[in-house]
Each structure stands twice: as structure tokens, then as C-alpha cells.
Amino acid sequence: MICNDTQELLRYLAPAARILGLDLGTKTIGVALSDVGLQIATPYSLIKRTKFTRDIVELASIVEKQNVGGIVIGFPRELDGTIGTACHRVYAFVDEMDKHIDLPVLLWDERMSTSAVERILIGEADMTRKRRADVVDKAAAGYILQGALDNLNLHTDPGVVDDDEEDEDFDDDGEEK
């Protein structure tokens, strides 16, 4: 099932479930995982794409081992925001994946994510071209997932208390009883 936004994805997550982030490429799938607090995305692995069934077996294994409750997949819109052929490949992947992995999916706008990660790897990490090729897709998956987590946390206030609940330790003026 495809979710409309991060809040809808959150409603489907079980307590302590993690979110899997994916950057789908034609040759590899970059994989990232959130922490259980849904604050931090960490690049996890790189799946070398072969046959779809093998790719799904690897993803299903990660989902099971890491207590994954939802998936964020990079959705590569065109720069003008339209949906192009790369987006249609993501739709096809999600349709097939849904037959094997029953988790909510959020398609996250990933425009410029790979180039942003490459700039970081070149400028700040000073990585060689060969080393960048080995890590860019899983780093991009982390970048995509972190964007979704930041949005989720921006719109979620864990400190909200129901106004109808009275705090029995304080009087009406907020003074301790």
C-alpha cells in the first residue's frame, strides 16, 4: 500500500519498528535503515541487482532481521516535478514488491539526492571515484530516508498532551499541590 505522506506511514508502524529507505537504481539498490526512534537514517547495504526475485529475497531478509515496519523509496521526479520513465520503474517495482512484502510504502521525492551525496563525498570526504561508486547509492538511500524522517519529526510533537487530561499533581494555577 502506498502512503500519501509521512504521517500516514507513521500510523501504520508498530511500536519500535524501523523504516527501510531504498534508492532504486538499474544496477544496484541502496539500502538505509532508521533507528527505532525514527530520528536517524544510516546507510545499511548495497544490493547488486540481478533478478527481481533475488532482490526481493534480500529485501525481505533485511525487513525480517531488522524489524522493519515501513519502506521509504526514492521517487525520481523530473526537475520540473513531472513523472518520467524513472518514476514508472519505481511504480512497477513497488507493484511487484507489494506481492511479496506486505508493508506500507512512501514514495519520497528524491530529486538531486544522488548529486547532493556525491558533492558531499567529493568535497567533504574527499573520496576517490572508485570509492564513491561503492557507497553513493546506499548513502543516497540514507539521504532520502533522512529527509522523510526529518519531515515526519517536523510534523510530530511527542510532547503533546491531551487537554482533557488533568494533571493531578498541580492545581488550576499550575502550582504544585
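**Cores, salt bridges and a pocket in a predicted model**

Good morning. The largest nonpolar core has 24 residues, and those with the most contacts inside it are Leu20, Leu22, Leu59, Ile71 and Ile73. Please bear in mind throughout that this is a predicted model.

Several elements build this core. At least two residues come from each of β2, β3 (28–34), α2, β5 (68–75), α3 and β6 (105–109). Helix α3 gives the most, with 5 residues. Apart from this core lies another, of 15 residues, among them Ala32, Leu38, Val72 and Ile144.

Let me turn to Leu20. Which residues does Leu20 touch, if those up to four places away in sequence are not counted? They are Val31, Ala32, Leu33, Leu59, Ile62, Val63, Val68, Gly70, Ile71, Val72 and Leu145. Of these, Leu59 and Ile71 are themselves among the residues with the most contacts inside the 24-residue core, while Ala32 and Val72 are members of the 15-residue core.

I would next draw your attention to Leu106, which is placed in strand β6. Is Leu106 buried or exposed? With a relative accessible area of 2%, Leu106 is buried, because buried means under 20%. In sequence, Leu106 and Val72 are 34 residues apart, yet in space their C-alpha atoms are 4.7 Å apart. Leaving out residues up to four places away in sequence, Leu106 touches Ile71, Val72 and Ile73, and also Cys3, Asn4, Asp5, Thr6 and Leu9.

I now come to the charged side chains. How many salt bridges does the structure hold? There are 4. Arg49, Arg54, Asp55 and Glu58 are linked in a network of them.

Within that network, Asp55 pairs with Arg49, and their closest N and O atoms are 3.3 Å apart. The two partners differ in their surroundings: Asp55 is buried, at 2% relative accessible area, whereas Arg49 is partly exposed, at 26%.

Arg54 and Glu58 also form a salt bridge, at 2.8 Å from N to O. Both residues lie in helix α2 (residues 52–65), where they are 4 residues apart, about one turn of the helix. Arg54 is partly exposed, with a relative accessible area of 39%, and Glu58 is likewise partly exposed, at 27%.

A further salt bridge joins the side chains of Lys99 and Glu96, again with an N to O distance of 2.8 Å. Here Lys99 is exposed, at 60% relative accessible area. Glu96, at 33%, counts as partly exposed.

Finally, the pocket. The largest pocket has a volume of about 340 Å³. Two elements give two or more residues to its lining, namely β2 (18–24) and α3 (85–97). Which element gives the most to that lining? It is α3, with 4 residues; this helix is also the one that gives the most to the 24-residue core.

In total, 15 residues line the largest pocket, and Asp23, Leu24, Gly25, Thr26 and Arg89 lie nearest its centre. By class, the lining has 6 charged, 5 nonpolar and 4 polar residues.

To close, I would leave you with two points to look for in the structure. Helix α3 gives the most both to the 24-residue core and to the lining of the largest pocket. In the network of Arg49, Arg54, Asp55 and Glu58, Asp55 is buried, while Arg49 is partly exposed. Thank you for your attention.

Notes: Residues are numbered from 1 along each chain as its sequence is written. This is a predicted model: local features need pLDDT of at least 70, side-chain atom pairs count only at pLDDT 80 or more; totals for chains, interfaces and linings use all residues. Side-chain values use heavy atoms; hydrogens and water are left out. On a 1 Å grid over the protein atoms alone, a cavity is a set of points where a 1.4 Å probe fits but cannot get out, and a pocket is an open set with protein on both sides within 12 Å along at least five of seven lines; lining residues have an atom within 4 Å of a point. Grid points are joined across faces, edges and corners, and a volume is the space filled by probe spheres set on the points. Ala, Val, Leu, Ile, Met, Phe, Trp, Tyr, Cys and Pro count as nonpolar, Asp, Glu, Lys and Arg as charged, and the others, Gly among them, as polar. Buried means under 20% relative accessible area, exposed over 50%, partly exposed in between (1.4 Å probe, protein chains only). A nonpolar core is a set of buried Ala, Val, Leu, Ile, Met, Phe, Trp, Tyr and Cys residues joined through side-chain atoms within 4.5 Å. Contact means heavy atoms within 4.5 Å.
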